[in-house]
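Me: Could you walk me through this model, one question at a time? I'd like the reasoning along with each answer.

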Amino acid sequence: MYVVWDRLASGKYFPQPVRLKMIPKPDGKQRKLGIPTIRDRIAQQVLKERMESRCESIFSPHSYGYRPGRNAHQALEAVTTANRQYDWVI
């Protein structure tokens, strides 16, 4: 995986084409599913972990979208609590 790291660090990384797989749906239609290569998936995971650790500190504690350990139910609970405390909520 040194090759992936070296290419990411040098800015010369280009993802491989995604494998297309058709998945049947209950109504008889099909939907497309893109499957990345193992190398690309590892690169995505490494970047995700690096970005999350760096960006988490600058996010507002009231932000719930796309955050690890937070979900829509927690966001609704926070809005409900704030709605009881304030005249308006954004």
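What follows is a run of questions and replies about this structure.

Me: Before the details, what kind of model is this, and what pLDDT do local features need?
Reply: Residues are numbered from 1 along each chain as its sequence is written, and side-chain values use heavy atoms, with hydrogens and water left out. This is a predicted model in which totals for chains, interfaces and linings use all residues, side-chain atom pairs count only at pLDDT 80 or more, and local features need pLDDT of at least 70.

Me: Which side chain of opposite charge is nearest to Asp40?
Reply: Asp40 lies in helix H2, residues 38-55 (helices are DSSP runs of H or I with at least four residues, strands are E runs of at least two, all numbered from the N terminus). Asp40 is buried, meaning under 20% relative accessible area, with exposed being over 50% and partly exposed in between (1.4 Å probe, protein chains only). Lys and Arg count as positive, Asp and Glu as negative, with His and the chain ends not counted. Asp40 has no salt bridge (a side-chain nitrogen of Lys or Arg within 4 Å of a carboxyl oxygen of Asp or Glu), and the nearest side chain of opposite charge, 6.5 Å away, is Arg39.

Me: Is Tyr13 buried or exposed?
Reply: Tyr13 is found in the loop between helix H1 (2-10) and strand S1 (19-24). Leaving aside residues up to four places away in sequence, Tyr13 touches Val4, Arg7, Leu8, Arg39, Asp40 and Ala43, where contact means heavy atoms within 4.5 Å. Its relative accessible area is 18%, so Tyr13 is buried.

Me: How far apart in sequence are Glu52 and Lys48, which meet in a salt bridge?
Reply: The structure holds 2 salt bridges, and one of them joins the side chains of Glu52 and Lys48 at 3.2 Å, N to O. Glu52 is partly exposed at 28%, and Lys48 is partly exposed at 40%. Because both sit in helix H2, about one helical turn separates them, and the spacing is 4 residues.

Me: Which residue meets Glu56 in a salt bridge?
Reply: The N to O distance in this salt bridge is 2.4 Å. The pair links distant parts of the chain, with both residues in the loop between H2 and helix H3 (72-85), 11 residues apart. Glu56 counts as partly exposed at 30% relative accessibility, whereas its partner is buried at 7%. That partner is Arg67.

Me: How many bridges pair S1 with S2?
Reply: S1 is hardly covered, with 0 buried residues among its 6. In S2, Ile35 is the bridge partner of Arg19. S1 and strand S2 (residues 30-35) pair in the antiparallel sense (two strands pair if DSSP finds at least two bridges between them), and the count of bridges is 6.

Me: Where does Gly28 sit, and what is its phi near?
Reply: Gly28 belongs to the hairpin of S1 and S2, which has 5 residues between the strands. Its phi is positive, near 95°.

Me: What is the phi of Tyr66 near?
Reply: Most residues other than glycine have a negative phi. Tyr66, found in the loop between H2 and H3, counts as exposed at 86% relative accessibility. Its phi is positive though it is not a glycine, at a value near 55°.
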